[in-house]
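Good morning, and thank you for joining this session. Please take a moment with the sequence and the structure on the screen before I go through them.

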Amino acid sequence: MANGNIKEIHKVTGGPYGGKKVNDEFVSLLEGYFGTATVETFRAENPADWLDVMNEFELKKRGRRAYEGEITRIRLPRSFTVLISEHGGPDLAGRFARSCRTDDVQLARNEYLCLGPSAMKKLFEPVLNGIIKHLTQLLKDPALKELQFFFLVGGFAESFILQETIKKKFDQR
């Protein structure tokens, strides 16, 4: 407004498009890669280590690495790697490497889960697509025709991938 204040012209909106959904996608990736039973066992028997894995992912999902095409490394606790080796079986054959490469998903040195850029971006796709669809729909409201700014709120607002996707999609506006 002319006096420098901000006037709300539309109620706050949202939906299932936050960082929690990206976390859910990450858990699904772990389950697909290591097996649902193995992940559930780890989660139940090692809650503090599970929290460490999820906290590390939380930090990594806000960063630039995936957006810039770099590998994202998530350190796995020893309790998890031991469980993997006990339950891994033949479907983990060939997935171990000495160091991270640009492959989609890989376990390196039996210590790091390495997510290539496409794997990391794939975790964000359902959320980003939902946000873009939601914002596109909102912008059809005549009350928002003069809209100049989006305010992203919450922890997920720090995500570089989210910020850049919004900028890229709505930059012309």
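**Helix faces, strands and salt bridges**

I begin with serine 79, which counts as partly exposed, its relative accessibility being 22%. Please keep in mind throughout that we are looking at a predicted model. Serine 79 belongs to helix α4, residues 78-87. Its C-alpha atom is separated by 7.6 Å from that of aspartate 49, although the two are 30 residues apart along the chain.

Let us stay with helix α4. Which residues of α4 are buried? They are Phe80, Thr81, Leu83 and Ile84. Viewed down the axis of α4, these buried residues fall within an arc of 160 degrees, so they line one face of the helix. On the face turned away from that buried side, α4 carries the exposed residues Arg78, Ser85 and Glu86.

I turn now to helix α1, where the buried and exposed residues can be read in the same manner. Helix α1 covers residues 19-34, that is, 16 residues. At 1.5 Å a residue, a span of 22 Å should result, and the end C-alpha atoms are indeed 22 Å apart, which agrees. The buried residues of α1 are Gly19, Val22, Asn23, Phe26, Val27, Leu29, Leu30, Tyr33 and Phe34. Seen along the axis of α1, they fall within an arc of 155 degrees, so they line one face of the helix. A general point about helices helps here: an α-helix has 3.6 residues a turn, so residues three or four places apart point the same way. The face of α1 turned away from the buried side carries the exposed residues Lys20 and Gly32. Just after α1 comes glycine 35, with a positive phi of about 100 degrees.

Next, the strands. Strand β1, residues 72-75, pairs with strand β4, residues 112-115, in the antiparallel sense over 4 bridges. Within this pairing, isoleucine 74 has leucine 113 of β4 as its bridge partner. Strand β4 is also joined by 4 bridges to strand β3, residues 105-108, and these two run antiparallel. How many residues lie between β3 and β4 in their hairpin? There are 3, and arginine 109 in the turn has a positive phi of about 50 degrees. Two positions show the register of this hairpin. Valine 105 stands opposite leucine 115 in β4, and glutamine 106 stands opposite cysteine 114 in β4. As a general rule, the side chains of a regular strand alternate between the two faces of the sheet.

I come to the charged side chains. A search of the whole structure finds 8 salt bridges, and I shall discuss several of them.

In helix α3, residues 47-61, glutamate 56 and lysine 60 lie 4 residues apart, about one turn of the helix. Their side chains meet in a salt bridge at 3.5 Å, N to O. Lysine 60 is partly exposed, with a relative accessible area of 29%.

A further salt bridge links glutamate 68 with arginine 64, the closest N and O atoms being 3.3 Å apart. Here both partners count as partly exposed: glutamate 68 at 43% relative accessibility, and arginine 64 at 46%.

In helix α6, lysine 167 forms a salt bridge with glutamate 164, where the closest N and O atoms are 3.2 Å apart. These two residues are 3 residues apart in α6, about one turn of the helix. Are the partners buried or exposed? Lysine 167 is partly exposed, with a relative accessible area of 48%. Glutamate 164, by contrast, is buried, with a relative accessible area of 17%; the cut-off for buried is under 20%. Elsewhere, salt bridges that share partners join Glu58, Lys61, Arg62 and Glu158 into one network.

Finally, the nonpolar surface. Which residues form a nonpolar patch there? Ile6, Phe149, Phe151 and Val153 do, with about 550 Å² of accessible area together. Of these residues, valine 153 is placed in the loop between α5 (117-138) and α6 (160-170). At 70% relative accessibility, valine 153 counts as exposed, given that exposed means over 50%.

That concludes my presentation, and I welcome your questions.

How values were computed. Residues are numbered from 1 along each chain as its sequence is written. This is a predicted model: local features need pLDDT of at least 70, side-chain atom pairs count only at pLDDT 80 or more; totals for chains, interfaces and linings use all residues. Side-chain values use heavy atoms; hydrogens and water are left out. The expected span of a helix is 1.5 Å times one less than its number of residues. Buried means under 20% relative accessible area, exposed over 50%, partly exposed in between (1.4 Å probe, protein chains only). The arc is that of the directions from the helix axis to the C-beta atoms. Patches are made of residues with over 30% relative accessible area and no salt bridge: like charges are joined within 9 Å, nonpolar side chains (Val, Leu, Ile, Met, Phe, Trp, Tyr) within 5 Å. Accessible areas come from the Shrake-Rupley method with a 1.4 Å probe; for residues, only the protein chains shown count as cover. A salt bridge is a side-chain nitrogen of Lys or Arg within 4 Å of a carboxyl oxygen of Asp or Glu. Two strands pair if DSSP finds at least two bridges between them.
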